[in-house]
Amino acid sequence: MKGKITIIGSGGVGSAIGYALNFIPSVNMIVFVDLNIRAADGEALDIGHGIGALSTASVRAGDYEDCRNSDVIIITAGFGRQVGETRDDLRERNQKVMDSVLSKLRPFYTDSFVIVVSNPVDYLTGYVSKQGFIPAEKLCGTGCMLDTSRWISELSRYLNVKCSRVHAYSVGKHGSGQRLLWPLVTVDGKPIDDFCREQGITWDDRIKAWLEEKVTEMGADIIAKKGRTQYGIATVAAYLVQLLLGEEMTLVSVTHTLRPFTGPEPVSALAYLGDGHIVLAEDEERFLSAVS
């Protein structure tokens with residue numbers, strides 16, 4: 001069945017992703033896999049009881065065998081950040097969780113695209129790649145897609161325009177290591193500098209630094225206020241699934257391993273995603289040369 005999505009981990013993030021996927025027309029089946037099968041079944045029942053006019057997807061709990069023939073597998077299993085923790089603080093604990101997940105997934109993996117959401121997402125995407133059974137063109141981490149989404153949200157707030165009018169890309173290490181590609185930021189197709197000048201909006205390095213601080217600390221700020229984050233990353237994951245189930249290739253900033261990476265982890269870079277796979281952005285150097 002085209003449009004089968006399996007989510008490994010039905011906690012706050014996994015269940016929110018399942019809920020968001022429920023509203024994508026190309027998604028026909030959502031399967032939750034979790035050590036706590038009772039909780040996974042509860043999430044599936046709750047999401048599946050949505051209004052039929054808004055979704056036609058079937059939602060259920062399952063096990064690792066259900067990963068077979070999935071179009072996309074989303075890994076969210078692992079510990080979440082607590083107040084005062086960084087994503088890297090989760091590395092050792094969540095690598096152990098990932099070892100367990102991958103050992104159970106391997107026998108049933110059938111060329112599905114795998115999206116890593118668990119933190120630290122850059123490190124764990126690289127770790128999954130090193131296990132050798134998921135091709136690079138079938139793997140990515142959400143990486144800076146969430147940072148990009150937060151940038152677009154904050155820019156739209158400051159400029160008082162709809163998010164759909166703002167276009168931007170953030171690259172690098174998710175969170176504190178991300179950077180916005182300022183020369184590629186546009187509003188209504190115009191460079192942001194030109195838009196602000198035409199609209200009489202104050203726009204200078206001080207404003208940029210203020211926005212960068214807000215975006216960089218956004219995750220920690222949300223966790224301090226409500227204990228966890230789930231809806232922003234759920235929307236990002238759902239968007240990536242929508243692209244993968246479509247035929248067009250779209251430029252995104254995700255963590256990928258299409259190029260060999262040096263150091264302990266890959267980071268987010270521009271690539272084209274769609275039609276069930278990811279490929280290098282051949283024009284990436286042109287994009288990045290505009291920044292240097």
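## Exercises: salt bridges, a small sheet and a covered helix

Arg-197 has a relative accessibility of 61%, so it counts as exposed. Keep in mind that this is a predicted model.

**Exercise 1.** Find the salt-bridge partner of Arg-197 and say where the two residues lie.

*Solution.*
- Start from the charged atoms. Side chains of opposite charge can pair when their charged atoms come close.
- Look for the acid: Asp-194 makes a salt bridge with Arg-197, and the closest N and O atoms are 2.5 Å apart. That passes the cut-off, because a salt bridge needs such atoms within 4 Å.
- Now place the pair. Both residues sit in helix α6 (residues 192-199), 3 residues apart, which is about one turn of the helix.
- Finally, check the surroundings: Asp-194 is partly exposed at 27% relative accessible area, while Arg-197 is exposed.

**Exercise 2.** Classify both partners of the salt bridge between Arg-60 and Asp-66 as buried, partly exposed or exposed.

*Solution.*
- The bridge itself comes out at 2.7 Å between the closest N and O atoms of Arg-60 and Asp-66.
- Arg-60 has a relative accessible area of 33%, so it falls in the partly exposed class.
- Asp-66 has 14% and is therefore buried, since the limit for that class is under 20%.
- For context, the structure holds 11 salt bridges.

**Exercise 3.** Work out which parts of the chain are joined by the salt bridge of Lys-173 and Glu-265, and which network it belongs to.

*Solution.*
- First the geometry: the side chains of Lys-173 and Glu-265 meet at 3.3 Å, N to O.
- Then the location: this pair links distant parts of the chain, with the partners 92 residues apart. Lys-173 is in the loop between β8 (170-172) and β9 (178-180), and Glu-265 is in the loop between β12 (250-255) and β13 (268-274).
- Next, accessibility: Lys-173 is partly exposed at 25%, whereas Glu-265 is buried at 12%.
- Last, widen the view: Arg-91 joins Lys-173 and Glu-265 in a network of salt bridges.

**Exercise 4.** Give the strand order of the open sheet that contains β10, and pick out its edge strands.

*Solution.*
- The sheet has 3 strands, ordered β7-β10-β11, and the pairing is antiparallel.
- β7 (166-167) and β11 (190-191) are the edges, as each pairs on one side only.
- Zoom in on one pairing: β10 (residues 186-187) and β11 run antiparallel to each other over 2 bridges.
- At residue level, Val-187 stands opposite Lys-190 in β11.

**Exercise 5.** Determine how many residues of helix α4 are buried and what covers them, then examine Thr-125.

*Solution.*
- Count over residues 121-130: 8 of the 10 residues of α4 are buried, so the helix is mostly covered.
- The buried ones include Tyr-123, Leu-124, Tyr-127 and Val-128.
- Now ask what does the covering. It includes α3 (91-105), β5 (113-116), β6 (139-141), β12 and β13.
- Take Thr-125, which lies in α4. Its relative accessible area is 0%, so it is buried.
- Set aside its neighbours within four places in sequence, and Thr-125 is in contact with Val-116, Leu-139, Cys-140, Gly-141, Thr-255 and Thr-257.
- One last look past the helix: Gly-132 follows α4 and has a positive phi, near 85°.

Technical notes. Residues numbered from 1 in each chain as written. Predicted model: local features only at pLDDT ≥ 70, side-chain atom pairs only at ≥ 80, totals over all residues. Heavy atoms only, no water. Pairing = 2+ DSSP bridges. Helix = DSSP H or I, 4+ residues; strand = E, 2+ residues; numbered from the N terminus. Buried < 20%, exposed > 50% of the residue type's maximum accessible area, 1.4 Å probe, protein only. Contact = heavy atoms within 4.5 Å.
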